[in-house]
Amino acid sequence: MGEFKVHRVRFFDYMPSAIRSMAFNSHTERLAVARADGAVEIFNFADNYFQEKQVIAGRDGRSIEALCWVGCRLFSAGLDGEITEYDLENLRPRYSIEAYGGPIWTISGNSEGTLLAQAGCEDGTVKMFEVLEDRIQFQRNLSRQKRIISLSWHPSGAQIAAGMMDMIRIFDSETHATHRLLVDRGVGASKSREVVVWSVACLNDHTIISGDSAGKVQIWDGLTGTLIRTHLVTKWDVLVLAVSQWQDESSVIAGTSEGTIVQFQFISSTVGQQDKLWVRTRTFKNHSHDVRALVHTDSAVISGMDTQLVVRPLLDKVEKNTQESALRKIAFPHRNLVSCAKKAGLLLFQFPDHLELWRLGESDRNTPGESLPVKRKPEKLIQLKTKLQGEDHICCSALSPCGSWLSYATVAAVRLYRLQISSNNISIQKVSKLPRELKSVHQLCFSSDSCRLFASSSFSSVVVVALDQTDCKYLHTLKHKSSRQPIHILSPSEDGQWLATANTDCEIHVFNLRKMKLHCSVPAYSSCPTAVSIHPTTGNLVSVHADQQIFEFSLKQKEYSEWSRQLQRQGLHPLWLQRDTPVTSIAFNPNNPAHIMLHDVFMFCIIDQSLPLPEAKTKFYNQMILRSLPEPQRLRESHAFKTCKNFQHLLSVNLLEDLSLVVVERPLVDIVAQLPAPVRQKKFAT
Amino acid sequence: MAALCEGYTLCGLVPAVNRRSSEIKGIEEERDSDHVIVTDSSRSVTLYKVSDQKPLGSWTVKQGQVLTCAAVFNRLTNEYVAVSDNKVIRIWKEDDIILDKAFKATVSADVWSVHCAHGAEPAVLFQRGAVRLLDSLLSAPQQPVEEVLVQDEAIRWSTNIVTETQQLVIFTTELKGDHFLYLQRLKPNSVQKYRLEPEEPALSPLSFWASYRDKNICLLYLYPNGRVYQSLVSVRGPAPDDGAQAVPLPRDQLLSLPVGEELLEAASAIFLDDAHVAVVGVPHPSAGPGKDFLCIWNTNFQTLQAAKEMAGKLYGQLWSFSSKLFIPHGKALSVIPFACPRSSLALALGKLKQVKTEESKTSTVVPSWNTILHGEEAAPPKTVEARKTRTTRKTQSSLSLTIDQVQDLIKTAPVEEVEKEVQELLSRQDPKDPQPSLGQLALALVSRSLADPKFYSSRALTQLVPIRCLSHSVCPDLLPLALEKRDYFLCQLCLLFFHDIPEAVTCACLKTFISLSDADAEKLSLEPDSVSFVEMLISNERAQTGLQNGFSPALCEEDRTDAVDDPKAKAKEKQKASPQQTCPVGKHKAALINEVLQTAYSEALLLPHLKDFSSDQVVLFLRYLEFLYLRYSTDGFSQMHGYRSPSLNQVMDWVCMLLDAHFTVLVMSPVAKGLLLNLQSFVRSQVRLFSELGKIEGSLQELTKMKMKKDVGQYSIEVIELY
């Protein structure tokens with residue numbers, strides 16, 4: 001089928017930030033994840049764990065200690081002493097309220113969603129806020145204590161358990177009465193150090209479970225204040241507890257600073273008897289570092305630390321290796337951090353606080369073989385820092401195909417730069433006057449002729465800006481009426497006529513850029529599109545969704561193409577559907593209109609539409625077999641999906657104008673190597 | 001095996017910068033093998049005594065005159081003959097001091113060369129091809145000389161050869177790219193012309209060499225492409241009529257020397273004997289592109305037997321007189337003694353099964369002989385020895401006996417004197433560079449011993465065997481002689497050092513060793529390492545713990561006693577069947593048998609001889625083998641210790657052969673029943689072990705298949721292909 005010259009790039013030092021806190025909304029099945037750099041992400045668990053929103057790019061100095069869903073509203077609190085509510089439609093903080101209690105360690109809502117409790121560290125109070133329609137309002141303080149580390153509401157809302165130094169205190173929210181549960185310190189030398197109750201959970205039957213820095217998980221009777229049972233789990237700290245949210249609260253998991261997760265279950269010790277006990281049942285170790293955040297859904301444990309999100313199904317009986325029982329690790333964001341100037345051979349890497357512009361290397365030879373000699377090494381042309389320390393982090397960036405425009409956006413502002421790159425001279429010039437309409441941008445994109453800049457803005461609108469040699473001019477705002485969810489994909493067509501947008505409501509809209517109005521909407525599909533692109537010659541729109549389905553939609557006929565229908569009739573190959581990372585970009589081969597190039601984290605794939613689709617029983621990954629076959633037989637054996645797994649941990653795959661591929665890899669080992677050292681443990685034979 | 005010895009410089013040369021040939025015009029043997037006359041290309045002739053490396057006399061023609069051919073020595077008259085300025089023949093004696101005052105005669109045509117073979121009259125070869133005997137020429141110096149060669153035909157090389165009846169002058173000519181060989185017989189005169197087969201692509205021979213062998217003249221010639229050809233020419237008279245006709249000369253390719261990509265420029269090849277060719281100026285096949293090598297090739301086996309790198313430029317000139325090579329190179333004319341003993345296949349190939357282990361052993365084995373042989377007055381340190389060798393080389397002939405003299409001595413002298421001289425001779429030898437001719441001494445010793453039953457020098461032979469210049473094929477009577485004389489130490493050494501012992505002799509040794517009574521054996525003094533190995537084997541037998549190699553005696557008992565339920569019977573069975581754990585033979589006997597086990601053999605040839613063993617011998621031998629096998633499989637030390645010892649495979653092979661040879665006898669014999677049962681249980685445990693190993697083989701192979709992830713670095717450009 002063809003040879004490709006591949007620029008294999010590994011110099012993008014992308015470093016994801018550690019996961020600090022998580023909150024799971026069991027009604028919408030959305031997981032909110034807060035990272036150490038202050039970024040908040042939302043994953044849709046109902047839709048193949050797709051990361052549908054990068055709610056807010058972080059900010060220097062902001063650290064989120066706790067997240068909390070109240071209904072569909074998301075609140076966070078951090079050591080800066082503020083409570084923040086997020087605008088999930090426009091992907092920005094809606095407001096922040098100073099709680100006047102010093103750094104906040106924890107935040108928790110009652111089950112009715114009317115009250116929010118928050119613990120301050122410095123003054124040791126539990127502050128109650130009332131959740132109103134558009135804001136939260138301070139209601140009252142509970143009596144002053146020592147530093148409060150953890151909180152848990154009783155499901156009835158009548159009691160709050162608070163974990164602090166050396167004790168757990170239980171407040172009755174009605175009567176304001178409190179009582180204390182004293183927590184033992186560690187044995188031996190650590191006896192002199194006070195014990196921190198890192199996590200507390202209050203169950204429906206007034207059982208209170210605590211995890212502390214002495215490595216204990218303790219079970220208390222909340223009514224009488226007696227200690228029922230102590231499990232020594234680790235030599236180090238028990239950092240977090242999570243109670244299964246759905247069932248009868250019969251399972252609790254605890255995360256430790258060793259990276260292990262221990263499950264406890266409330267079961268009878270002998271079959272058929274009624275007296276139930278909290279029994280330690282299972283131990284997992286999926287992490288090398290502290291487990292700081294845990295969520296326990298009915299079927300899965302979700303844990304986050306060492307920058308990865310791990311979803312581990314908790315099936316009691318695993319029949320066989322099915323997709324449901326498979327462990328999932330989400331290491332990379334489901335969006336592009338790399339933009340590529342196809343014509344100029346430039347790469348733009350997006351970091352939280354700076355951008356890097358690189359020029360690819362060259363090889364003068366085209367000798368067949370694995371690796372070509374590199375004549376010119378790749379070089380870093382520009383490192384662009386966001387202006388001030390303490391500013392918002394970059395949420396999106398784009399590089400024009402010709403390599404002469406560069407743009408990035410933070411929550412607050414958009415910047416546009418004009419680049420002039422000759423062989424030895426680089427100049428960068430900031431475009432000073434930008435149209436007012438360019439604000440609150442969460443996706444940026446240049447047209448293929450680099451004359452237009454598209455920016456997805458608030459309320460699912462797209463701002464179109466015309467670029468000139470020197471300045472830029474606001475042209476139009478493209479809008480549609482159906483949804484207010486943010487647009488996460490912008491895809492202009494090669495000829496400049498169409499612009500396809502996709503939002504997190506799973507809608508795909510196509511705008512006619514000549515007439516500046518909505519052309520059509522692709523019939524809604526239940527799964528969120530993860531990549532959308534318009535074919536340069538046929539004008540068909542190809543979309544890939546979080547559930548791995550592929551659709552091809554003809555913009556002329558406004559209907560699904562024949563190939564797409566056939567694909568739906570026949571169904572995709574099971575191995576294709578079993579992949580657990582979404583396709584994040586689609587490209588087309590200008591030389592062969594039948595070729596569609598896709599990639600996810602672990603492979604890239606060329607779909608040849610002229611070849612038969614693979615049946616369920618045919619071998620899907622057949623490149624090795626085809627290689628061994630003679631030419632004529634190869635044609636007979638081959639099917640439409642040409643998958644290449646030579647490159648792993650892909651952040652981006654781009655096709656340059658000279659038809660060479662640029663793959664940007666970020667091996668996980670490199671990320672792990674940059675993590676701080678984990679808790680040292682004696683390993684056997686070391 | 002042919003060997004080049006350490007060379008020495010005969011005289012210095014003025015280095016030739018631009019010339020392709022050296023300044024040496026020729027070297028001829030003088031009165032004996034130790035004297036040569038060297039004619040240099042300018043004006044002088046020098047007589048050297050080779051062993052003293054010093055000139056005895058020198059003669060120079062006057063300024064303006066040039067010697068145009070190499071001087072020769074006429075042994076009949078003790079006169080030197082040379083030619084100056086092409087036409088002037090000069091004859092002088094050793095006591096003539098000034099050459100100009102000696103005899104001269106001017107002839108009518110240009111002379112190409114003068115030749116004088118051993119005991120023959122000098123013959124003069126004119127440039128146009130005519131040949132005259134010197135006497136007849138000098139009787140009428142101005143006699144007309146006919147032209148044999150046609151216009152443009154020129155002589156390239158000439159020599160003369162004396163056969164039993166005839167004297168011949170041989171020369172080659174070149175005419176327009178064709179090469180011809182002329183065979184000129186003297187008394188009666190006749191000439192025979194041969195045409196050499198042309199060598200593609202139009203190459204001219206670089207060198208010629210002729211020798212007389214089996215009534216044929218053997219012509220050896222080397223082409224620049226490295227091919228060495230041999231042509232045989234009968235010395236008998238040709239058919240009388242075709243004298244003028246050029247007969248095509250058939251040729252055989254003897255060698256095809258590796259020359260690399262370039263053609264040779266200056267090289268030559270000469271016969272050392274009928275199987276060895278010395279070549280100079282041809283690259284060493286394994287030493288890179290340099291051509292500065294002197295090599296000896298065996299033409300029978302096409303093997304490189306010896307090579308020496310020569311310093312400085314080589315001119316492609318080489319002479320050989322009585323086992324010395326004369327080679328001008330760089331700024332010196334070097335003399336390199338060589339030896340080409342008749343080669344056996346074993347020696348020519350030079351390597352056999354255990355060559356590797358032995359090479360590492362020599363250093364440990366050699367000193368231990370010294371301690372046995374010389375007691376505590378150990379041999380002087382090697383450095384001293386080496387220096388002694390160097391200093392004594394010059395005075396060797398006067399102070400102590402040469403190999404030839406010792407060889408003569410062996411024929412007559414009493415044992416003590418022979419032993420003394422042999423030891424003296426050996427102490428002078430460089431242990432790293434033994435002379436192959438030492439093997440001749442052993443041969444002489446053996447033949448004397450065979451002829452004279454009272455003469456037997458064990459000491460001399462035990463000293464000679466380890467120097468690695470002997471093999472069974474060189475001296476086939478040595479080992480049987482040692483057996484006959486009950487010199488088991490010598491037998492052991494022979495088994496250790498000879499790689500070509502016939503299976504019949506091996507079996508004879510084995511039979512003798514097995515039937516040796518232990519009491520006799522204990523008195524023997526044997527090679528100490530082999531004895532201490534057996535000692536270790538025996539001493540370890542009680543200290544053994546654990547099981548090795550999957551075999552445990554207990555396990556195999558369980559297998560066998562499945563059917564036996566009665567515990568008493570079980571215990572009895574156990575006692576009876578417990579594998580042999582004591583060594584059935586004494587340690588000296590065991591050491592001897594071990595030596596046999598390690599010899600090389602061919603199974604098909606060995607089997608018939610094994611059948612000659614009596615059943616008692618077989619059972620004893622089998623019990624010993626079983627003991628060895630058991631020791632090896634229950635202990636970990638089989639190959640770990642530093643001793644030379646039979647390998648487990650060798651033991652197994654012998655067990656199999658013995659069973660093959662005597663199966664029916666063993667099955668019938670009640671004595672052997674327990675033995676066979678044990679062996680069978682070994683086999684079963686081994687089979688089980690290997691079947692278990694076979695099961696994990698697949699998974700182990702997967703490990704090797706796992707390819708290492710290659711580090712691709714930060715950036716690379718690769719080409720992938722999708723199908």
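**Salt bridges and a nonpolar patch**

Okay, let's start right at the contact between chains: B:E718 and A:R8 form a salt bridge, and their closest N and O atoms are 3.1 Å apart. B:E718 sits in strand 30 of chain B, residues 715-722, while A:R8 sits in strand 1 of chain A, residues 2-9, so this pair joins two chains. Before I go on, keep in mind that this is a predicted model.

So is B:E718 buried or exposed? It's buried, with a relative accessible area of 10%. Its partner A:R8 counts as buried too, at 8% relative accessibility. And the pair isn't on its own. Which residues make up the network of salt bridges here? A:R8, A:R10, A:E665 and B:E718 are linked in it.

As background, side chains of opposite charge can pair when their charged atoms come close. Searching the whole structure turns up 33 salt bridges over all chains, and I'll pick out two more.

Here's one in chain A. The side chains of A:E362 and A:R376 meet in a salt bridge, at 3.5 Å from N to O. Both ends are in loops: A:E362 is in the loop between strand 32 (354-359) and strand 33 (371-372), and A:R376 is in the loop between strand 33 and strand 34 (379-385), so the pair ties together parts that are 14 residues apart in sequence. How covered are they? A:E362 is partly exposed, with a relative accessible area of 35%, and A:R376 is also partly exposed, at 29%.

Now over to chain B. B:R132 and B:E146 bring their side chains together in a salt bridge, 2.7 Å from N to O. This pair links distant parts of the chain, 14 residues apart: B:R132 belongs to strand 13 (residues 131-133), and B:E146 to the loop between helix 1 (134-139) and strand 14 (154-162). The two ends fall into separate burial classes: B:R132 counts as buried at 14% relative accessibility, whereas B:E146 is partly exposed at 39%.

Last thing, and we're leaving charges behind. Which residues make the nonpolar surface patch on chain B? They're B:F690, B:L693, B:I696, B:L700, B:L703 and B:M706, and together they give a patch of about 600 Å². If you want to find it on the screen, go to helix 20 of chain B, residues 673-705, where B:F690 is found.

To recap the opening pair: B:E718 and A:R8 are a salt bridge joining two chains, and both belong to that network with A:R10 and A:E665. That's me done, happy to take questions.

Conventions:
Residues numbered from 1 in each chain as written. Chains lettered and ligands numbered in written order. Predicted model: local features only at pLDDT ≥ 70, side-chain atom pairs only at ≥ 80, totals over all residues. Heavy atoms only, no water. Patch = residues over 30% accessible without salt bridge, like charges linked within 9 Å, V, L, I, M, F, W, Y side chains within 5 Å. Areas by Shrake-Rupley, 256 points an atom, 1.4 Å probe, with all protein chains shown as cover. Salt bridge = Lys/Arg side-chain N within 4 Å of Asp/Glu carboxyl O. Helix = DSSP H or I, 4+ residues; strand = E, 2+ residues; numbered from the N terminus. Buried < 20%, exposed > 50% of the residue type's maximum accessible area, 1.4 Å probe, protein only.
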